[in-house]
Amino acid sequence: MAPRRKLTGAQAELFAAVCHHYINEAESDCNDTPESVPIFSHLSRAQRLKLVADVAIGMLCEDESLPPDTVQHNSTFMAIIQILFTALEIEVDIQDDQGDVGEDLLNYDEADRSCHPRTAQEVEDIKVKNALIEHRAEKNLKKLKKGKDVGEFHVEEKETPHGVEDMLSAANQLNRIYKGGAVSKRERDSIRPLNDDEKYAFRWRRLCDAALQQDTPNNSTFRDAFPLCNVNFDWRCAKCDKWYMALNLLLDTKLMDYGSATDKALITGEVSYKSYADPSQLPRVKSLERNINLLMKVYASSWDPKLLAIDQRRIYAICSNELYAGHYHRKWVVGFHGECVARGINFEEPGKNYQARLYIFRDTKDDLI
């Protein structure tokens with residue numbers, strides 16, 4: 001299982017932005033461990049930063065190999081997608097609180113905010129159900145700690161090749177993002193220029209929209225009937241479910257090649273009390289524990305605390321397009337930026353020069369540390 005191809009253009013720009021965003025998320029321990037990708041999220045911060053750097057280089061730099069086909073690198077790729085979803089959700093949640101943002105943009109596509117409040121009986125039923133789940137989970141957890149044999153984790157392969165089946169099964173839901181047709185070029189061209197506050201308020205959605213527009217029939221890995229340039233929304237959309245569906249198709253279904261159903265099931269899916277309470281989930285839980293413990297042990301044996309910042313700087317060197325970093329990185333950033341200028345690399349131009357910037361980082365990292 002591994003990505004099928006490199007990312008280029010607007011899709012590369014989006015991916016680079018998420019990887020660069022992860023530096024700050026990891027530093028602040030905020031939204032940096034997506035629960036739906038447990039292998040990635042249970043590793044140390046330093047190990048996660050190294051993996052994000054590895055995957056960024058593999059996906060963006062044309063002369064480098066694609067990311068290694070390992071459980072940790074594939075988990076990292078999936079985690080980056082989930083981190084993007086969180087950034088989108090936060091952007092939509094706070095869009096009304098931004099400064100000088102026009103009502104015409106905020107009201108273009110109203111978010112689905114209506115919800116049915118639970119009755120007192122429903123709340124009580126949920127509490128009882130959760131208490132039973134927690135009780136079963138505690139019992140099974142004790143059995144696992146005593147070494148109970150729960151068997152090997154395995155998911156049966158399906159006859160239809162993975163990926164193609166994903167596309168077919170998703171077809172029943174695609175009306176949500178295709179019904180009514182694509183936003184016309186005329187409508188897109190009629191959108192007024194944005195001020196700085198508006199550019200910031202819609203930053204992630206504008207990046208995602210550009211990445212979707214790059215997915216034309218000629219550019220798509222699948223010669224399918226669902227080019228994402230034809231979705232029925234644009235960057236003004238405030239409905240997160242539309243973004244999730246379209247971006248899953250772009251970055252997962254169309255891009256990732258899953259070697260086996262077992263590999264995919266191991267990587268994706270939250271581990272909670274419900275997992276421990278369900279005996280059928282215990283083989284997966286045990287397999288996750290083994291993988292995580294092994295990955296942490298191997299990494300710890302070679303980790304050098306003197307190089308704590310090296311992977312943050314690898315991500316920054318390849319993915320950033322702004323001359324900004326924390327206090328302890330300031331001298332390095334100034335030196336790296338100066339070398340980019342000396343070699344004719346426009347550091348602030350997004351979507352380009354990933355390989356050239358990696359070469360500069362490799363040539364100067366020892367001098368600038």
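# Reading a helix pair and its surroundings

Author: Let's start with a pair of helices in this predicted model. Helix α1 (residues 9-27) packs with helix α11 (residues 203-213) at an angle of about 145°, and their axes are 7 Å apart.

Reader: Okay, but how do I read those values, and which way does α1 pass α11?

Author: The general idea: two packed helices are described by the angle between their axes and the distance between the axes. As for the handedness here, α1 passes α11 in a left-handed crossing.

Reader: Which residues in α1 and α11 meet?

Author: A helix has a regular repeat, 3.6 residues a turn, so residues three or four places apart point the same way. On the α1 side you'll find Ala-10, Gln-11, Glu-13, Leu-14, Ala-17, Val-18 and His-21. They meet Arg-203, Trp-204, Leu-207, Cys-208, Ala-210 and Ala-211 of α11. Sorted by class, this contact of α1 with α11 has nine nonpolar, two polar and two charged residues.

Reader: What do the buried residues of α11 pack against?

Author: Start with who is buried: Trp-204, Arg-205, Leu-207, Cys-208, Asp-209, Ala-211 and Leu-212 in α11. The buried residues of this helix pack against α1, and also against α4 (71-93), α9 (185-189), α10 (196-201) and α12 (240-253).

Reader: I see cysteines there. How many disulfides does the count come to?

Author: A disulfide is a covalent bond between the sulfur atoms of two cysteines. The count here comes to zero disulfides. Take Cys-237, which is in no disulfide: its nearest cysteine sulfur belongs to Cys-240 and is 8.1 Å away. The cut-off for a pair is within 2.5 Å.

Reader: And is Cys-237 buried or exposed?

Author: Cys-237 has a relative accessible area of 0%, so it is buried. Cys-208, back in α11, also counts as buried because its relative accessibility is 0%.

Reader: Now for a charged residue. Where is Arg-314 placed, and what is it in contact with?

Author: Arg-314 sits in helix α16 (residues 310-319). Its relative accessibility is 15%, so it counts as buried; the cut-off is under 20%. Setting aside neighbours within four places in sequence, Arg-314 is in contact with Lys-50, Ala-53, Asp-54, Ile-57 and Phe-361.

Reader: Lys-50 is in that list. How far apart are the C-alpha atoms of Lys-50 and Ile-310?

Author: They are separated by 8.5 Å, although the two residues are 260 apart along the chain. Ile-310 is found in α16 too, and it is buried because its relative accessible area is 16%.

Reader: What about the backbone? Which residues other than glycine have a positive phi?

Author: Most residues other than glycine have a negative phi, and most peptide bonds are trans. Two cases to look at here are Asp-29, with phi near 50°, and Asn-353, with phi of about 65°. Asp-29 lies in the loop between α1 and α2 (38-41), while Asn-353 lies in the loop between α17 (330-342) and α18 (354-368). Asp-29 counts as exposed because its relative accessibility is 51%. Asn-353, at 27%, is partly exposed.

Reader: Zooming out, how many helices and strands are there in the protein chain?

Author: The chain has 18 helices and two strands. Of its 369 residues, 46% are buried. Among contacts between residues at least 6 apart in sequence, 77% join residues at least 24 apart. The chain exposes about 19500 Å², and carbon and sulfur atoms supply 51% of that.

Definitions and conventions
Residues are numbered from 1 along each chain as its sequence is written. This is a predicted model: local features need pLDDT of at least 70, side-chain atom pairs count only at pLDDT 80 or more; totals for chains, interfaces and linings use all residues. Side-chain values use heavy atoms; hydrogens and water are left out. Axes are lines fitted to C-alpha atoms, for helices over the stretch in contact, and angles run from 0 to 180 degrees between N-to-C directions. Helices (H or I, at least four residues) and strands (E, at least two) are DSSP runs, numbered from the N terminus. A crossing is left-handed if the near helix is turned anticlockwise from the far one by less than a right angle, and right-handed if clockwise. Contact means heavy atoms within 4.5 Å. Ala, Val, Leu, Ile, Met, Phe, Trp, Tyr, Cys and Pro count as nonpolar, Asp, Glu, Lys and Arg as charged, and the others, Gly among them, as polar. Buried means under 20% relative accessible area, exposed over 50%, partly exposed in between (1.4 Å probe, protein chains only). Accessible areas come from the Shrake-Rupley method with a 1.4 Å probe; for residues, only the protein chains shown count as cover.
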